[in-house]
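This report looks at the inside of one protein chain. It takes up contacts, nonpolar cores and cavities in turn.

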Amino acid sequence: MKRISLAVSALALVALTASVSSAQSAKAVSLGISAGAAIPVSDFGDVYSTGYNGTVSLSFNSVGTPLGIRIDGMYNSFTDRDDLLIDRPNYRIMSANANLVYALPGTGIRPYLIGGAGIYNQKAGDSDDSEDDPFDKSPTNFGLNGGIGAAFPLSGFTTFIEARYHYIFSKEGATDFPVRTAFVPITFGITF
């Protein structure tokens, strides 16, 4: 009987902790940071290999609705593939995105859908902009993104894991390569 009482007390404590941490994570405004792998796909994946991603986010949530808004600033870096004969410079993509976040129902783990639009600045190499070097142009183009994530509320902060597909509408001829730029960052982060 004593074990049953102890088990019921432990379950009650876990349930109380989960509801308190869930309530604490529903902040009106939160700041987040995340990092992870950035995987190039489509034409971009034919030439560049997996790189890294760093993101800073500002989220705006409303209590009582599953919709929220998130503004992201991202930095992505890619290296050329080793199996190709052409040696290309590193490629970086910086972006600013505005996203809608839709929280799906969940207890403890909260899955969500995210999608939006933004501007993406692309640059190959590290030298100054020279008209002689076709890889040295730095165009800024419009792009879209969409993906899925899961948030894990803890006491005082929330951790999350997320994967999103980004597609940049590059203008043909604006850079010699790639014409279609798409990549998928898979990131892990925290929000405060």
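## Contacts of Ile-93

In this predicted model, Ile-93 touches a set of residues that lie beyond its neighbours within four places in sequence. Its contacts there are Phe-44, Met-74, Tyr-75, Asn-76, Phe-78, Tyr-120, Asn-121, Gln-122, Ile-168, Thr-181 and Phe-183.

## Nonpolar cores

Ile-93 also belongs to the largest nonpolar core, which has twelve residues in all. The other members are Ala-38, Phe-44, Val-47, Tyr-48, Met-74, Phe-78, Tyr-91, Tyr-120, Ala-124, Ile-168 and Phe-183. At least two residues of this core come from each of helix H2 (42-47), strand E3 (67-80), strand E4 (91-103) and strand E5 (110-124).

Another core, of five residues, lies apart from it. Tyr-112, Ile-114, Ala-151 and Phe-160 are among its members.

## Cavities

The model has two cavities of 30 Å³ or more. The largest cavity holds about 60 Å³ of space.

Which residues line the largest cavity? The lining consists of Ser-34, Asn-53, Thr-55, Arg-70, Met-74, Glu-162, Ala-163, Arg-164, His-166, Pro-185 and Thr-187. Met-74 is thus listed in this lining and in the largest nonpolar core. By class, the lining has five polar, three nonpolar and three charged residues.

Strand E2 (48-61), E3, strand E7 (158-168) and strand E8 (181-191) each give at least two residues to this lining. The largest share, four residues, is supplied by E7.

Methods: Residues numbered from 1 in each chain as written. Predicted model: local features only at pLDDT ≥ 70, side-chain atom pairs only at ≥ 80, totals over all residues. Heavy atoms only, no water. Core = buried A, V, L, I, M, F, W, Y, C linked by side-chain atoms within 4.5 Å. Buried < 20%, exposed > 50% of the residue type's maximum accessible area, 1.4 Å probe, protein only. Contact = heavy atoms within 4.5 Å. 1 Å grid on protein atoms, 1.4 Å probe; cavity = no way out; pocket = protein on both sides within 12 Å on 5 of 7 lines; lining within 4 Å. Points joined across faces, edges and corners; volume = space filled by probe spheres on them. Nonpolar A, V, L, I, M, F, W, Y, C, P; charged D, E, K, R; others polar.
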